[in-house]
Amino acid sequence: MPYTFEHLKQHCQHEWDAYIQHDFVIQLGEGRLAPESFRHYLKQDYLFLIQFARAFALAAYKSTTLDDLRHAKAGLSAIVDLELGLHIQYCEEWGISEQELQALPEARATLAYTRYVLDTGNRGDLLDLHVALAPCLVGYGEIANWLNTRAQTLRGEQNPYDAWIGMYESAEFQVAMHAEIDWLNRELADVTPRRFERLARIFSDATRLEIDFWAMGLELRQ
């Protein structure tokens with residue numbers, strides 16, 4: 001039976017659940033996350049997005065087909081032309097200026113995760129890189145969907161973080177998430193068991209680093 005993205009999740013189900021259902025996520029969904037924790041997360045997420053744009057540029061370099069090149073270009077354009085602008089605007093609503101964002105040092109969790117992705121992509125091939133990126137691109141979409149299944153999740157004006165949930169439940173993000181899953185499913189279908197074990201390790205490592213990124217925000221780690 002060919003491998004799929006679901007097999008990657010099943011291989012590290014405990015870590016995946018800990019990421020999707022992290023205390024940071026739960027508190028955000030219930031509207032009780034400390035504002036200083038959210039601001040710290042927002043600042044570091046700006047730096048995170050810049051490094052992920054570099055990762056999609058690397059994906060373009062690693063592409064061997066026109067379809068893969070277009071896929072990488074779409075990811076890069078989405079971050080540089082859309083998501084970063086929206087993120088800067090969102091940060092301003094939380095009292096964080098673009099000048100402040102540009103002067104920020106990277107927290108250790110930001111450095112660890114983003115450099116892991118870039119190092120994985122440099123050492124490996126395009127599939128290695130996409131598997132390292134998947135916990136972010138796919139995970140945020142799944143988190144928004146999971147929050148919407150919880151009776152405790154507050155929506156609308158009663159939750160100061162409602163716009164964050166709305167960003168990742170949006171049709172645009174959900175389409176991008178499913179496009180990435182479809183790409184991964186096509187590529188994983190042809191891998192050998194030995195290759196899958198290596199990819200599963202990458203996915204597990206990246207997921208654990210995402211957990212650390214939530215903890216960084218929750219605990220105000222530098």
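This briefing describes salt bridges in the structure and how exposed their partner residues are. The model is predicted, and within it 15 salt bridges are found. Three pairs and one network are set out below by topic.

**A pair within one helix**
- Asp119 and Arg123 are joined by a salt bridge in which the closest N and O atoms lie 2.8 Å apart.
- Both Asp119 and Arg123 belong to helix 7, which spans residues 108–123, and the 4 residues that separate them in sequence correspond to about one turn of the helix.
- Asp119 is partly exposed, at 38% relative accessible area, whereas Arg123 counts as exposed, with a relative accessibility of 59%.

**A pair linking distant parts of the chain**
- Arg155 makes a salt bridge with Glu169, and the closest N and O atoms of this pair are 3.0 Å apart.
- This contact links distant parts of the chain, since Arg155 sits in the loop between helix 8 (126–147) and helix 9 (162–169), while Glu169 lies in helix 9, 14 residues apart from Arg155.
- Arg155 has a relative accessible area of 27% and is partly exposed, and Glu169, at 31% relative accessibility, also counts as partly exposed.

**The Glu106 and Arg115 pair**
- The side chains of Glu106 and Arg115 come together in a salt bridge, with an N to O distance of 2.7 Å.
- Glu106 is partly exposed, its relative accessible area being 24%, and Arg115 is likewise partly exposed, with a value of 31%.

**A network**
- Salt bridges also connect Glu6, Lys9 and Glu142 into a network.

Definitions and conventions: Residues are numbered from 1 along each chain as its sequence is written. This is a predicted model: local features need pLDDT of at least 70, side-chain atom pairs count only at pLDDT 80 or more; totals for chains, interfaces and linings use all residues. Side-chain values use heavy atoms; hydrogens and water are left out. A salt bridge is a side-chain nitrogen of Lys or Arg within 4 Å of a carboxyl oxygen of Asp or Glu. Buried means under 20% relative accessible area, exposed over 50%, partly exposed in between (1.4 Å probe, protein chains only). Helices (H or I, at least four residues) and strands (E, at least two) are DSSP runs, numbered from the N terminus.
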